[in-house]
Amino acid sequence: MTDISDIKLKLETDNILLIKENITKKELVKKLVGCICEKNPSLNSEEMLGAVLKREEGISTTLESALSIPHARVEDLNTFLAAMAVMAKPIEDDYGLPIKVMFLFFSPAGQPYFAQHLKMLAHLAEKFTPEFVQELTTCATPQEIAKKINL
Amino acid sequence: MIQDPLKTQFKVKGVVVITTAMLTFITAWQAASIVLCDFASSAFYAGGIAMRAFGPAFPWYILGVMLFAGLLMMMYIESCSMFTRGGVFPVVNAGLGENAAKAAAAAILFDFTLTGPISGLSAGHYLAGLINSILKAVYLPFEVPQDICAVVFALGVTLYFWYQNVKGIEDSSDKSRKIIRFSMVICLILFVWAGITLLLKDKIVLPPFKPQLNDTSLGWASNFTLMQKIGFLGVLVALGHSVLALSGLETFAQVFREIEYPKIQNLKKAALIVFLFALLFTGGLTFLSALIIPPDLIASEYHDNLLAGLAMHLAGPNFLKLIMQGAVVLAGVAMLAGAVNTSIIGANGIMNRVAETGILTDWFRKIHKKHGTTYHIINMICLMQVGVILLSGGKLYLIGQAYAFGVLWSFVLEMTSLVILRFKNREQKRDFMMPFNIKFDHYYIPIGGAFVVLAVVSLAVVNLFTKKVATISGISFAALLFLVFHISQRLNAKKANDIFEEGHREKLNQSKVEDLAKALQDIPEGKRILVPVKNPENLYHLEEVLKNITNDDTEIIVLYAKPVDAWSVGKTRQATSIDEEELFTKVILIAEKYGLSVHPLLVNCNDYSYAVAQVALAAKVKEIIMGVSGSFGANDQLERLVMAWGAVQQGQDSAEKTSITAKIVWEGREVSYKF
């Protein structure tokens, strides 16, 4: 597994959502961006949402395992900030692919952090196997999910 | 909700290995061997034929022609530095236009059609001569009929090399190298032994310089008394009869495409090897033969096997001389047989260059399913050669008389084109220029080149009058072939127009294989680099990879991950499907330009990055080098690739994991990441 022990990642349990209702991808992204920005007032949620959605217009961030990893690189940040959602029912991404788990993160924008940013993406892609994603969808609470993902 | 597994499973859906004859590269030595097998093999027959044409002065003229070959090779190097797929057709096409190029190709093909048979028959004569020498030595009162033996042997050799060429050049170029290595040893022994023989002689008489011209050697010129009075014309007539010693030199330009990196340096190396060996072997041994064998014996007994005669007239006991004759015959048979091979390779090369412009219909360029060779062209060449062998009835001199029309007129057109191109394509990059130039304004006025043109034009014009058989048969054959080209071009007009508009397309064999492991199993171990390609107009990264390779054991896998419209992910779904023939043609042309082999591979996929990651993992590559996408930024590309890499690593044993570097390369910049 790609080692991310050198990365400072903040994923608080109350940033892990269990989504039971019908929701679109864009609404879900907005929700997760909101979670992060609420705890980090220096971040402007509108700007952050814009940055994530802009990135989503590029190459897809949804993987075969039904994990979606929307992200944005943010200036003046020195920690990775994350929020995640586990869907009771899969939602569709822009290309019709199913999303069962969404892991959204902001990473520091400086060039030295780019390698860490890529490492984070590789780590998540490797860790969230289809079986693991499926397992997460059976979790009843955010605490249970946090325990399982153990980031 | 999406449930279609075609859309949600990113494993590559189909693996296709691309094969073509165009991706094997050879060393300078191998290239020199291929050329020498044809070019230097003329040592075995050129002297004898020249002796019959104009008498004992022949060694001077054979030597002169060999020295002139050095100048011609320099012109060839200049042409190759401009055209990777060089040789007569592309050069004349650029310099003098398509009709002249078709005429030049037709003319040189006439000589290639003769070179194979003349070499095969000569080998047969040497073999028959040896058998008869042995029969005589053991006092058996019969002889094998030389002409029949020559025909049978020539047919056998032609059929053998027909099969080898259908199989592919790599096998045959290796054989050429072995033949030349063996011939070098024999040449060295002959030189030393002939030197000792000369030292033991009371007196060494140099051959006369003045040629003895008769009605046959003067041809139609015997009717022009003025021509006979000009002494210099006699020299030209004699040189014209010696030009068959240049047989096979065009192969020098044909093999350039196959030469490995660094191409021009290797071509220069090959030129030096060819020049020195041919000068010593053809020029030197012919001269020694004339110094050692009495002229009347050459004319009566050894005109078809001059070097066997040299072996038999060396100083020493008869049994040793017989062994030497055996060794000479062995070298001769191997080399002349190699010349048959080279004539097929050379003619195939020229026909391919003609076909690439759309002049020939697809039938000619059809690729052999298993071996990836243009087997229809090879079949046609061999069939013509078999016809010449049968028609000659084994008479070497007859073919010798027909020879030289094509080689001289193709030289005239090619060398003239090169001189014209100095002005017409002034700015085209040349890694080498024929020496002796005067720089004027932005032009390099080719004084050396002009001298070569003048020399070949003089020889060609004189030969037109003196070699009747060559003129009649050469013009007839070339005219017929020109007509074939013309008709084929008319039939292929639409295709030719497409080729003109879209560029040449390489014929490719696409073989579906079960899985990636099967597709990768034949790629040698070593440092593997994966170069994904998508857009034929965006192959800068491939050029950069090839330009910067320093390691001999680097293997480059060029991957086209083809999105299948029905289930492709992302923007590729809307993307215009790339024509893989065009894409891989460009890949092959770039590989040829640098003389480095690549392993082309095509996979069908619904996610480009996943496909790249899967191939990288399966092939255990050390580096992935991608071009920048026109639709996304380099960072986005790298992000998707690392995600895909992470995903394909799932379930991998950590012990099996190795580090890999991914780079996105575009002009002057790159982004990289080490996984």
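Over which residues of chain B does the pLDDT stay under 50? That holds for residues 1–7 of chain B, as the first view shows.

**View 1. Low-confidence stretches of chain B in this predicted model.** Even so, the model has 14 contacts beyond four places in sequence for residues 1–7 of chain B (a contact means C-beta atoms, placed from the backbone, within 7 Å). Residues 571–576 of chain B also have a pLDDT below 50, with six contacts beyond near neighbours in sequence. pLDDT, by the way, is the predictor's confidence in each residue, from 0 to 100. Chain B averages 86, and 91% of its residues reach 70 or more. Residues are numbered from 1 along each chain as its sequence is written, while chains are lettered from A and ligands numbered from 1 in the order in which they are written. As this is a predicted model, local features need pLDDT of at least 70 and side-chain atom pairs count only at pLDDT 80 or more, but totals for chains, interfaces and linings use all residues.

**View 2. Chain B where it touches chain A.** Here 24 residues of chain B are in contact with 23 residues of chain A. Helix 1 (5–8) and helix 28 (634–648) of chain B each put in at least two residues, and helix 28 of chain B has the largest share, 10 residues. Helices (H or I, at least four residues) and strands (E, at least two) are DSSP runs, numbered from the N terminus. By class, the chain B side splits into 13 nonpolar, seven polar and four charged residues. Nonpolar covers Ala, Val, Leu, Ile, Met, Phe, Trp, Tyr, Cys and Pro; charged covers Asp, Glu, Lys and Arg; the others, Gly among them, are polar. For the complex, the predictor gives an ipTM of 0.94 and a pTM of 0.78.

**View 3. Where the two domains of chain B meet.** Domain 1 takes in 5–18 + 508–674 of chain B, and domain 2 runs over 26–435; these bounds come from an automatic or database domain assignment. Six residues of domain 1 of chain B are in contact with nine of domain 2 of chain B. Helix 26 (residues 580–594) of chain B gives the most to the domain 1 side, with three residues. That side has two nonpolar, two polar and two charged residues. The C-alpha centres of the two domains of chain B sit 45 Å apart.
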